[in-house]
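Thank you all for coming. I would like to take you through two parts of one model this morning, a metal site and then a sheet, and I will try to be careful about what each part shows.

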Amino acid sequence: MNNARIADIFDEIGDLLEFQAANPFRVRAYRNGARVIGDLTEPVAVVLQDTERKLTDLDGIGKDLAEKIAMLVETGQLEQHQKLLNEVPSTVLAVMRVPGLGPKKAAALYKELNIATLDQLKAACEAEKVRELKGFGAKAEQAILHGISIAAAANQRIYWAKADEVAHAMREHLAACKRIEKLELAGSYRRGKETVGDLDVLVVSENPSEVMEWFAAFEDAAETIVSGGTKMSIRTHKGLQIDLRVVPAESFGAASQYFTGSKDHNVIVRGLAKQRGLKINEYGVYRVEGDKETYIAGATEEDVYATLDLPVFPPELREARKEFDWAEANELPELIDVKDIRGDLHMHTTATDGRATLREMTDAARSRGLKYIAITDHSKRVSMAMGLDETRVLEQWAMIDELNEELGKDFTVLKGIECDILEKGGMDLPDDVLAQADWVLASVHYGQQQPRQQITDRIVEAIENPNVTAIAHPTGRLINRREAYEIDLDAVFAATVEHGKLLELNANPARLDLNDVYCAAAKAHGIPIVINTDAHSTEGLDCLPYGVLQARRAGLTKADVANTRTWRQLKQLIGGRR
Ligand code: DGT
Ligand code: CA
Ligand code: CA
Ligand code: ZN
């Protein structure tokens, strides 16, 4: 049992206990435990096997939790967890997970209105019964209805980063199966889509039944959904479906191409094949003469595309957007790679809501091979995060000056700020302060529900401010949780071009904001994109690949992304812009 699964079980116990109005200290102990295990960089199983170490040495893990972890690792189950699951209907868990609810509110709904399912919750909101309850109100009722519709969609699609964890575990699991000759993870996962509906695993083997048996023994498998011939589908504990297909070697390329999709991309591929008297399916490419079909290719994707005089498209581009035009003109972009990124220009420290200090973030960024970073803590308006006022930000910048002296030439820490764009318009910090920064991000945190014109004006005004370098997470969407602001992006693009500013692609898996389509549009306007992690901890710096993947889907090259430059080059780029 891996760390993530243990953390999930502890979180779920915390939820269930809180729902039952258990002692808050007990609830908090499980939540802390979940966080500690979830953040651990090595498997707890390794710690358990090490005779010189104890789980209780970890902060937040007492004797009781340590025993439970050991039990989970050994048996895969926990009696207390099962007992709680028996006591609380599983449909109530779904109610708790509606954005904006949670165990406490779910408990109130259950107790007062007997609501135990999403359907009952929806009906009660529509009948305006929920607003009668203490602590809810009409606004909350609307938010719940919205949350239910989002949750219904979200239940089926997970963040790419989450799918990637399962994909890695599956790869590792299958690597130990001697009957497997080749392996590919296809589908939306391979295309790097921001959310993934299910995983599609493709293997070459001459022993499908043995491979399927091995596949079903995946440690995270909760159930087998279907099984037959050369196909099988399982579901993980978290509900992610994984499809397996076993193909012969001569079909591997054709199957990889077919199951990578996208469907729309494949429709075009099949059409082009038809024009040439060819037929393409998941088994291969066939020449069609009368009613005779002759296999001509299929072992590799390269062979398959070559029958149509097409290059092997990077999977991220296979969305039936521009890729065929680019191929025809021989202008397929050379997509940006994560290794091209030299700096990360959005991150937080313990001065506001980050979990690591300035020094720790600096060291962590250096050890990840970056050459420069910008420290961009929140400004004072973001009071929940203890945002910085004029005095505190100047103090931080003085510390950064000292740090840079010490670091010398190999690494640069930029004096930055994530300055709030106020609800009424204008920046949260005075211009004479912002003018002293190396790098100013402007972003919206409040008044996100404002009408289109108002919120657009606020952002455009920030772009016009000579001290602002870039707009962070420009549309404010949170995938599966919150819609984008109602903004006029064309107006934002136009202002960005006019004032020579930059737009961020925030690499946090829940944000990925700007999205792929908007990044492509920004590129068409000639707007440089900056890919930032918005890290709130040292581990947060590891989000960079998700942002790069999104940039690749947008067709961005190294040149399109501002932070592939050296700090000196970047300074020139923004020099004329500030
Ligand atoms: P997902 O799982 O919803 O995130 O998206 P995909 O793209 O992974 O879709 P999925 O898992 O249903 O199928 C994987 C690929 O298989 C898909 O991208 C294209 C191919 N495929 C599946 N069904 C069809 C179909 O009916 N026609 C065609 N042409 N291709 C299909
Ligand atoms: Ca899929
Ligand atoms: Ca599938
Ligand atoms: Zn931020």
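Let me begin with a term: a residue counts as buried when its relative accessible area is under 20%, and as partly exposed when that value lies between this limit and 50%. Please also keep in mind throughout that what you see here is a predicted model.

With that cut-off, Asp200 is buried, because its relative accessible area is 12%, whereas Asp198, with a relative accessible area of 21%, is partly exposed. I mention these two residues together since both belong to the metal site: the protein donors of the calcium ion (ligand 2) are Asp198, through O and OD, and Asp200, through OD, and they lie 2.2 to 2.6 Å from the ion. Around this calcium ion (ligand 2) there are six donor atoms, and the angles they subtend run from 69 to 168°, which makes the arrangement irregular. Asp198 also coordinates the calcium ion (ligand 3), and the two ions, ligand 2 and ligand 3, are 3.7 Å apart.

Let me now turn to the sheet. Three strands form an open sheet in the order 8-9-10, and their pairing is antiparallel. Strand 8, residues 278–281, and strand 10, residues 292–297, stand at the edges with a single partner strand each, so each has one side without a neighbour in the sheet. From one strand to the next, the twist averages 35°. Looking at one pairing in detail, strand 8 and strand 9, the latter covering residues 284–289, run antiparallel and are joined by four bridges, and Ile280 stands opposite Val285 in strand 9.

Key. Residues numbered from 1 in each chain as written. Chains lettered and ligands numbered in written order. Predicted model: local features only at pLDDT ≥ 70, side-chain atom pairs only at ≥ 80, totals over all residues. Heavy atoms only, no water. Donors = N, O, S within 2.8 Å, 3.2 Å for Na, K, Ca; no water. Tetrahedral: all angles 85-135°; square planar, octahedral: opposite > 155°, others 65-115°. Buried < 20%, exposed > 50% of the residue type's maximum accessible area, 1.4 Å probe, protein only. Pairing = 2+ DSSP bridges. Helix = DSSP H or I, 4+ residues; strand = E, 2+ residues; numbered from the N terminus. Axes fitted to C-alpha atoms, helices over the stretch in contact; angles between N-to-C directions.
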